[in-house]
Amino acid sequence: MIKVHNLARFFGTKRAVDGVSFSVDRGEVLGFLGPNGAGKSTTMRMITGFIAPSAGSVTVGGFDIVEHPIQARRLIGYLPENAPAYTDMTVYGFLNFAAEIRGLRGDARKQAVNRVVETCFLESVLHQSVETLSKGYRHRTCFAQSIIHDPDVLVLDEPTDGLDPNQKHEVRQLIRRMGKNKAIVFSTHILEEVDAACTRAIIIDRGRIVANGTPEELRQKSEWAGAITLRVAGIKAADLSQKLNQLPMVRQTAILKEESGSVTVRVFPRSSHTGVLAGSIADAAKSWRIEELHTEEGRLDEVFRNITMPDTANKEKK
């Protein structure tokens, strides 16, 4: 549904987006991650035709966004950054206006407005002016306009920005549900949203894609992926560390806590043994009194820092 090929955008001498390529199929929810200034919003504005690319191409549903802008935009629902709206309109008036400019008339327009009002829980503010709404309700109103024509493609620029935890949960669940039969791209810098709503994620940094994969694939890039934390009784920390480091599958160990009678240690696998380290430790520890043992998941925040701020991440490790 979305194909981005070698997309670039220059602002003077600055390369805001530099050779970005990816695609999004129907049924996919793609999280677009990156630090502030990485090029997320600029890329989304080019996908929607809001600004023209300096180089490269974007097609939506087979239509080039530059050569066939009307056909492409008909397929897109767009929630821009900061959720702009006509503040002097009521919520009902704004949604009617959005439906009308999308070509909906008569009963089709009424049904579309009623559908998005119900979907976005706007019944209680329907006749308030947009300027009197809280940030959360204004955001919901703008989200509603983006889906009023039931588009095949949704492009959402930080759709949970400024919402309280309950509202964020509602929006993430809504994105996840709609993602079953639409192609959705949404930008975020909140890593928990990758797990909550995404089937795949891209990390962009300084205008370039630096990682692309499912949440689980990205986690496997973490230092923590496949690490084992265990608590062993009746052994000294130095002895335990020495025995563990002798195992061929172990890259390094870190003593977390030493109490009277027990030691808690974290064991990091060599990259090729992330899935079998627990079994190796269990075989070697038959004479130990293991009180606790569990496998750690990779951490997206660590992967994000390692990729986008490698120098800082390396200093933290030291």
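# Worked exercises on a predicted model

Gln167 sits in helix α6 (residues 165-178), where helices (H or I, at least four residues) and strands (E, at least two) are DSSP runs numbered from the N terminus. Before we start, note that this is a predicted model, in which local features need pLDDT of at least 70, side-chain atom pairs count only at pLDDT 80 or more, and totals for chains, interfaces and linings use all residues. Residues are numbered from 1 along each chain as its sequence is written, and side-chain values use heavy atoms, with hydrogens and water left out.

## Exercise 1: Gln167 and Ser129

Decide whether Gln167 is buried or exposed, then list its contacts and do the same for Ser129.

Step 1. Recall the cut-offs: buried is under 20% relative accessible area, exposed is over 50%, and partly exposed is in between (1.4 Å probe, protein chains only).

Step 2. Gln167 has 12% relative accessibility, so it counts as buried.

Step 3. A contact means heavy atoms within 4.5 Å. Setting aside neighbours within four places in sequence, Gln167 is in contact with Gly136 and Arg140.

Step 4. Ser129 lies in the loop between α4 and α5 and is buried, at 16% relative accessible area. With neighbours within four places in sequence left aside, Ser129 is in contact with Thr87, Met89 and Thr90.

Step 5. Now add Gly93, which is in helix α3 and is partly exposed at 26%. Gly93 and Ser129 are 36 residues apart in sequence, and their C-alpha atoms are 8.8 Å apart in space.

## Exercise 2: Positive phi

Find where Phe121 and Arg206 sit, and give their phi and exposure.

Step 1. As background, most residues other than glycine have a negative phi.

Step 2. Phe121 is not a glycine, yet its phi is positive, about 55°. Phe121 is in the loop between α4 (106-119) and α5 (135-146), and is partly exposed at 44% relative accessibility.

Step 3. Arg206 also is not a glycine and has a positive phi of about 55°. Arg206 belongs to the loop between β9 (200-205) and β10 (208-213), and is exposed, with a relative accessible area of 58%.

## Exercise 3: The nonpolar cores

Work out which residues touch the most other members of the largest nonpolar core, and which helix gives the most to it.

Step 1. A nonpolar core is a set of buried Ala, Val, Leu, Ile, Met, Phe, Trp, Tyr and Cys residues joined through side-chain atoms within 4.5 Å.

Step 2. The largest such core has 44 residues, and those touching the most other members are Leu95, Leu122, Phe143, Ile148, Leu156 and Ile175. Helix α3 (residues 91-101) gives the most to this core, with five residues.

Step 3. Take Leu122 as a case: beyond residues up to four places away in sequence, Leu122 touches Val91, Leu95, Val116, Val117, Tyr137, Arg140, Thr141 and Ala144.

Step 4. Apart from the largest core lies another, of 27 residues, including Ile2, Phe22, Phe32 and Val185.

## Exercise 4: The whole chain

Why is the chain described as more spread out than a compact globule?

Step 1. Begin with the elements: the chain has twelve helices and 14 strands.

Step 2. The radius of gyration, taken over C-alpha atoms, is compared with a globule rule of 2.2 Å times the number of residues to the power 0.38. The chain has a radius of gyration of 25 Å, well over the 20 Å that the rule gives for 318 residues, so the chain is more spread out than a compact globule.

Step 3. To finish, the C-alpha trace spans about 80 × 45 × 30 Å along its principal axes, and buried residues make up 48% of the 318 residues.
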